[in-house]
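This report goes through one protein model, from a single strand residue to its helices, voids and aromatic contacts. The sequence and structure come first.

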Amino acid sequence: MRTSRPARRKLISAAAISATLLAGAATSLALAGPATATVPTESTAKTAAAAVAAPAERLIVGYKSGATEAKSNKAASADAVAKGKEAGETLDFQRRLGTGAALVDLGEKLSKADVADVVAEYQADPQVAYVVPDRLNKPLADPNDTEYSKQWDLFETTAGMRVPGAWDTATGTGVTVAVIDTGYVTHSDLAANIVAGYDFISDTEVSVDGNGRDSNPADPGDWYANDACGAGTGASDSSWHGTHVAGTIAAVTNNSKGVAGIAYNAKISPLRVLGKCGGYDSDIIDAITWASGGTVSGVPANANVAKVINMSLGGSGACTSATQSAITAAVNRGTTVVVAAGNSNANAANYSPASCNNVISVAALSRTGAKASYSNFGSTVDIAAPGGQTSTGTANGILSTLNSGTQGPSSESYDYYQGTSMAAPHIAGLAALAKSASTSLTPAQIESAIKTNSRALPGACSGGCGAGLADATKTVQAVSGSGGSTGTTFSSTTRVSIPDAGSAVESSIAVSGRTGSAPSALQVGVDITHTYRGDLVIDLIAPDGTSYRLKASSGSDSADNVNTTYTVNASSETANGTWKLRVQDVASADTGSINSWKLTF
């Protein structure tokens with residue numbers, strides 16, 4: 001049982017407690033020389049705090065060779081009792097280790113600060129050579145999946161997403177990811193993680209499975225004959241695209257076969273919207289709605305509501321109000337929506353759903369960490385992830401689950417693909433890890449954590465690839481409270497009207513309490529209501545007056561409103577000061593207002 005602490009507990013200062021809470025990997029400290037007193041000093045308390053990275057249940061105590069406690073179990077036991085009394089805890093000598101050190105039990109599970117108190121007592125004793133926590137170790141072997149070594153996208157230093165380090169904290173348990181795609185073809189490396197989905201294709205010419213909508217999302221193949229999808233489209237074998245995407249997110253892992261999934265304990269709900277020659281917005285809209293727990297006429301209620309949606313699909317043209325409405329409703333229901341930026345090496349603002357608000361739009365990187373040659377780019381891109389570049393070698397693509405059938409299904413297989421379609425599921429998998437690590441996270445918080453904890457691109461990206469290369473380890477550590485950064489946010493909710501074809505207006509945020517420069521991935525969240533957002537030019541103005549263009553005007557961007565987060569390299573700016581959002585309507589006939597905006601450091 002615990003006893004009350006003596007008054008000397010006050011020596012553990014606020015600074016020492018802070019050091020305890022922020023302690024890093026150091027867990028072993030040898031005393032540099034004999035102590036001059038047996039009462040812990042302020043310095044000793046801080047040193048002890050720094051030695052404790054986490055709560056501990058036992059300590060390993062090494063006594064100097066001349067100490068009685070080094071040879072006598074009785075003396076070591078008495079010493080443990082005495083030091084426990086001083087620290088206000090009940091300690092118990094357990095046994096002698098092969099090295100001669102004493103194993104001391106701390107009784108009930110103590111906090112890091114409590115353990116630091118006990119460590120300080122031992123460190124203040126001139127007869128103690130060292131005292132360290134008896135740490136719990138875990139296996140660090142790579143997954144035993146036979147093709148894991150080829151999954152550079154998960155672990156390589158240059159452009160890998162640092163996924164293995166996140167697995168110590170989260171593996172996706174409890175999270176369902178809806179893959180809105182071509183459906184699912186049976187694969188033994190995925191089957192255990194597949195839950196019920198739906199076939200949303202209503203046009204039998206597209207579905208090629210003999211019927212319209214039904215509860216069977218099986219992929220019959222999306223092959224087509226020469227020019228069947230229009231003049232000049234050529235012919236194509238079946239892609240099994242949805243199965244490849246699903247494998248990246250949640251292939252079964254540590255099963256001694258195939259590949260490893262990023263969120264390998266998550267579940268996949270396959271929703272079929274793409275068939276022969278593609279798929280219609282109307283079917284995709286219903287799939288988004290149903291996946292997130294909304295109601296779709298004629299479709300049974302969803303028993304596997306997804307907390308993450310992946311859409312590795314898209315088409316030309318800005319996001320329509322119809323698609324935006326479905327996405328906004330899904331996000332409001334608590335579902336994070338991840339989309340591919342597109343494969344046209346063009347501005348993602350002119351593609352949908354990449355240009356929609358409230359999505360995480362993902363650009364693709366090659367194995368060198370540069371923008372893949374095909375990847376779209378621009379201010380609507382939120383983050384980058386490995387997408388592969390097979391033109392530099394097949395093994396530089398993304399390996400995942402597939403099928404060998406050229407038309408209908410045949411034997412299961414694995415193969416390399418490239419595309420923003422491959423990059424997006426990396427982020428969907430990371431979103432599932434984050435949600436698994438902290439179930440209360442909102443979609444906005446997940447997006448912010450992924451961006452804030454990204455790292456600088458290893459290579460070049462002309463036109464903009466979002467906040468950087470996603471870092472799974474740092475992101476999961478951040479949301480679980482074990483590291484990383486969830487960011488500090490400053491905001492303004494003062495409404496400012498935007499005059500039609502008028503002068504620029506500004507909204508200000510005063511930033512204080514920061515040190516040094518602004519980050520290289522400063523997050524600028526914008527909520528603007530406007531009836532034709534293509535009319536708007538949006539700039540961020542730094543405290544020294546430097547202007548950063550967030551959005552240019554576009555005559556082809558006819559959608560309503562701007563509700564998104566931009567990433568700015570503001571590392572040359574001082575963080576503290578007055579930042580401004582400047583907005584101008586440069587064409588006539590439409591009006592709007594700045595509702596709110598925020599800066600996340």
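## A residue in strand β5

Tyr130 lies in strand β5, which covers residues 128-133. The model is a predicted one. Tyr130 has a relative accessibility of 30%, so it counts as partly exposed, since the buried class ends at 20% and the exposed class starts over 50%. Eleven residues separate Tyr130 from Val119 in sequence, and their C-alpha atoms are 9.5 Å apart in space.

## Overall make-up

The protein has twelve helices and 25 strands. Of its 601 residues, 53% are buried. The exposed surface comes to about 23600 Å², and carbon and sulfur atoms supply 50% of that area.

Contacts between residues at least 6 apart in sequence can be split by separation: 74% of them join residues at least 24 apart.

## Helix α8 and its surroundings

How many of the eleven residues of α8 are buried? Eight are, and the helix is mostly covered. The buried residues are Asp283, Ile284, Ile285, Ala287, Ile288, Thr289, Trp290 and Ala291. The list includes the charged residue Asp283.

The cover over these buried residues includes four strands, β6 (176-181), β7 (198-199), β8 and β9 (308-311), together with helix α9 (321-332). Just after α8, Gly293 takes a positive phi of about 100°.

## The second largest pocket

The second largest pocket holds about 930 Å³ of space. It is lined by 40 residues, and those closest to its centre are Leu274, Gly278, Leu313, Gly314 and Gly315.

Which elements supply at least two residues each to this lining? They are α8 (281-291), β10 (315-316), β12 (351-352) and α10 (420-437). Helix α8 gives the most, with three residues. By class, the lining of the second largest pocket has 15 nonpolar, 20 polar and five charged residues.

## The cavity

The structure holds one cavity of 30 Å³ or more. The largest cavity has a volume of about 40 Å³. Its lining consists of Val179, Gly183, Tyr184, Ile194, Gly242, Thr243, Ala246, Ile268 and Pro270. Six of these lining residues are nonpolar, three are polar and none is charged.

Helix α7 (241-250) and strand β8 (267-272) each supply at least two residues to the lining of the largest cavity. Of the elements involved, α7 gives the most, with three residues. Strand β8 also appears in the cover over the buried residues of α8.

## Helix α11

Helix α11 spans residues 443-452, and eight of its ten residues are buried, so it is largely enclosed by the rest of the structure. Those buried are Pro443, Ile446, Glu447, Ser448, Ala449, Ile450, Lys451 and Thr452. Two charged residues, Glu447 and Lys451, are on this list.

## Aromatic pairs

The structure holds eight aromatic pairs. In one of them, the ring centres of Phe490 and Phe601 are 5.7 Å apart and the planes stand at 90°, so the pair is edge-to-face. The cut-off for that class is an angle over 60 degrees. Phe490 belongs to strand β17 (residues 489-492), while Phe601 sits in the segment after β25 (592-600); the two are 111 residues apart, and the pair links distant parts of the chain. Are these two residues buried or exposed? Phe490 is buried, with a relative accessible area of 15%, and Phe601 is buried at 9%.

Phe601 also pairs with Trp579: the ring centres are 6.2 Å apart and the planes are at 75°, so this pair is edge-to-face as well. Trp579 lies in strand β24 (residues 577-585), 22 residues from Phe601, and this pair too links distant parts of the chain. Trp579 is buried, with a relative accessible area of 0%.

Elsewhere, Tyr148, Phe155, Trp167 and Tyr264 form one aromatic cluster.

Note on methods. Residues numbered from 1 in each chain as written. Predicted model: local features only at pLDDT ≥ 70, side-chain atom pairs only at ≥ 80, totals over all residues. Heavy atoms only, no water. Phe/Tyr/Trp six-rings, centres within 6.5 Å; stacked < 30°, edge-to-face > 60°. Buried < 20%, exposed > 50% of the residue type's maximum accessible area, 1.4 Å probe, protein only. 1 Å grid on protein atoms, 1.4 Å probe; cavity = no way out; pocket = protein on both sides within 12 Å on 5 of 7 lines; lining within 4 Å. Points joined across faces, edges and corners; volume = space filled by probe spheres on them. Contact = heavy atoms within 4.5 Å. Areas by Shrake-Rupley, 256 points an atom, 1.4 Å probe, with all protein chains shown as cover.
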